[in-house]
Amino acid sequence: MRTAVIRRVTFNAAHRLFRADWSEERNREVFGLCSNPNYHGHNYTLFVRVTGDIDPETGYVLDLKVLKDIISEEVTGPFDHSNLNLDRPEFANLNPTAENIARVAWQKIRKRLPDHMDLQIRLSETDNNFVEYPA
Ligand code: NI
């Protein structure tokens with residue numbers, strides 16, 4: 001009966017990849033254009049995958065309306081049209097790479113789900129690059 005339900009959402013956000021404890025040169029060397037001091041934006045696509053048993057009474061693993069509201073409250077509401085580095089305390093001391101954004105989204109959504117459900121996040125920054133957490 002173990003079944004996955006998946007919701008796809010999009011949001012737009014600006015970020016800059018850099019470490020404050022590194023020089024501009026080192027940041028540029030490692031992060032390239034992504035370390036542009038004036039930030040840049042992405043159209044992110046987030047896939048939220050929840051796995052659980054089908055409830056024999058409702059036929060649902062999880063009401064997707066409930067999942068939609070959780071994602072909106074925890075991730076897309078706070079992150080959409082934000083500058084992740086400047087506006088979001090989650091990234092005050094955390095480089096906002098796709099990897100870290102996916103992990104933060106997982107942490108925020110995970111705490112809203114029952115323990116018996118599993119959660120996986122897939123995040124894409126471009127059509128060709130995805131990250132998944134947990135792997
Ligand atoms: Ni970027």
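Here are a few notes on this predicted model, covering the metal site, the nonpolar core and one buried glutamate.

1. Start with the nickel ion. Three histidines coordinate it through their NE2 atoms, namely His15, His40 and His42, at 2.0 to 2.1 Å. Along the chain, the donors are spaced as H-x24-H-x1-H.

2. Two of those ligands fall on either side of the burial cut-off, so it's worth looking at the values. His42 has a relative accessible area of 13%, and because buried means under 20%, His42 counts as buried. His40 comes out at 21%, so His40 is classed as partly exposed.

3. Next, the largest nonpolar core, which has 29 residues. The members touching the most other members are Phe11, Leu46, Val48, Val50, Ile109 and Leu123. Two or more residues apiece come from β1 (2-15), β2 (40-53), α2 (64-79), α4 (98-110) and β4 (118-124). Of these, α4 gives the most, with six residues.

4. Leu123 is a good place to zoom in. Leaving aside residues up to four places away in sequence, Leu123 touches Phe11, Tyr44, Thr45, Leu46, Ala98, Ile101, Ala102, Asn129, Phe130 and Val131. Among these contacts, Phe11 and Leu46 are also on the list of core members that touch the most others.

5. Finally, have a look at Glu74 in helix α2. This acidic side chain sits at 11% relative accessible area, so Glu74 counts as buried. What does the side chain of Glu74 make a polar contact with? The partner is the side chain of Arg112, at 2.8 Å. Beyond four places in sequence, Glu74 touches Lys108, Ile109, Lys111 and Arg112.

How values were computed:
Residues are numbered from 1 along each chain as its sequence is written. This is a predicted model: local features need pLDDT of at least 70, side-chain atom pairs count only at pLDDT 80 or more; totals for chains, interfaces and linings use all residues. Side-chain values use heavy atoms; hydrogens and water are left out. A nonpolar core is a set of buried Ala, Val, Leu, Ile, Met, Phe, Trp, Tyr and Cys residues joined through side-chain atoms within 4.5 Å. Buried means under 20% relative accessible area, exposed over 50%, partly exposed in between (1.4 Å probe, protein chains only). Helices (H or I, at least four residues) and strands (E, at least two) are DSSP runs, numbered from the N terminus. Contact means heavy atoms within 4.5 Å. A polar contact is a pair of N or O atoms within 3.5 Å; within protein, one must be able to donate a hydrogen and the other to accept it, and residues adjacent in sequence count only if both atoms are side-chain atoms. Donors are N, O and S atoms within 2.8 Å of the metal (3.2 Å for Na, K and Ca); water is not among the atoms, so sites may look incomplete.
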